[in-house]
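Please work through the following exercises with the sequence and the structure at hand. Each task is followed by a solution in steps.

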Amino acid sequence: MKEVKIETTLQVYDALDQLPNDIQNLMAKAVEVRDNAYAPYSKFNVGAAIMLDNNEVIVGSNQENASYPSGLCAERTAIYYAGAKYPKSKILKMALTASSQNQITNKPIPPCGACRQAIAEYEIKQNQPIEIYFMGAKGKVVKSNSLANLLPLLFDNSVPVSYTHLTLPTTPYV
Ligand code: THU
C-alpha cells in the first residue's frame, strides 16, 4: 500500500484590478454576459468568457429549464459554442463570474465538477493548458494555470499520452 498526496496550486488576487488588462477585459465580458443568464429557478447568474488563439472571445451564461437537469452551466454553454464555431482554435483563457440575484456574491465561485470535466476534454484535445480565472460579483479573483489544477484524477480515456502537458500527476497511483 502506498499513500498518495495530491497538491494543487492556485493564485489568489485581492481584486480584479491586480490582474493584467487582457484578463480585466475578458472578465468584463463575462460580467456583461452574466446578465443574460436565464436563471428563474436558482436565481444564480453565471457568466463565462473564453479567449481563443484567433483573438475571438466567446461568451456564455447559464440557461435553466423547468425540467432542471436540462439546463446548462455558463462554462459549458460557452465552451461548446467555441468548439462548434472554431473547432481548430485553441482555448487560451476562461474568465468566470457568478452572482446571486438575492445577495452579493463576494467570494470566488469555481466551476462545477461537470464543467471541469468538460473543460478538461478541450485541454487534453488541444494539448495546451487553459488558464482559468474565477470570481464572484466582487472581491477576490482566483487563477488556475490549468484545468488540471482544478480536477486532479480527471477522467481521460486517452491515458497516458495526453497527460504530457498537465501540471499535476493525474494518475499518481500507477
Ligand atoms: N452554474 C453554472 O453556470 N456554472 C457552474 O459551474 C455551477 C452552476 C449554474 C447552473 C444553474 O443554472 C445555477 O448556476 C445554479 O446552480
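**Exercise 1: Helix α3 and its surroundings**

Task: Determine which elements the buried residues of α3 pack against.

Solution: In this predicted model, the buried residues of α3 pack against α2 (74–85), β4 (91–100) and β5 (131–135). The residues concerned are C115, A118, I119, A120, Y122, E123, I124 and Q126. The helix itself has 14 residues, and its span of 20 Å from first to last C-alpha is close to the 20 Å expected at 1.5 Å a residue. Just after α3, N127 adopts a positive phi of about 55 degrees.

**Exercise 2: Residue Q126**

Task: Establish whether Q126 is buried or exposed, and identify its contacts.

Solution: Begin with location: Q126 belongs to helix α3, which covers residues 113–126. Next, consider accessibility: Q126 counts as buried because its relative accessibility is 9%, and the cut-off for buried is under 20%. Then list the contacts: leaving aside residues up to four places away in sequence, Q126 touches K90 and I91. Finally, examine the polar atoms: a polar atom of the Q126 side chain lies 2.7 Å from the backbone nitrogen of I91.

**Exercise 3: The ligand**

Task: Identify the residues around the ligand and the polar atoms that lie by its oxygen atoms.

Solution: The surrounding residues are S42, F44, V46, N62, E64, C73, A74, E75, P111 and C112. From the side chain of N62, an N or O atom is 2.9 Å from a ligand oxygen atom. A backbone N or O atom of A74 is also 2.9 Å from an oxygen atom of the ligand. For C112, a polar backbone atom lies 2.8 Å from a ligand oxygen atom. The protein covers 75% of the 380 Å² of accessible area that the ligand has on its own.

Conventions: Residues are numbered from 1 along each chain as its sequence is written. This is a predicted model: local features need pLDDT of at least 70, side-chain atom pairs count only at pLDDT 80 or more; totals for chains, interfaces and linings use all residues. Side-chain values use heavy atoms; hydrogens and water are left out. Helices (H or I, at least four residues) and strands (E, at least two) are DSSP runs, numbered from the N terminus. Buried means under 20% relative accessible area, exposed over 50%, partly exposed in between (1.4 Å probe, protein chains only). A polar contact is a pair of N or O atoms within 3.5 Å; within protein, one must be able to donate a hydrogen and the other to accept it, and residues adjacent in sequence count only if both atoms are side-chain atoms. Contact means heavy atoms within 4.5 Å. The expected span of a helix is 1.5 Å times one less than its number of residues. A residue is near a molecule or strand if one of its heavy atoms lies within 4 Å of it. Accessible areas come from the Shrake-Rupley method with a 1.4 Å probe; for residues, only the protein chains shown count as cover.
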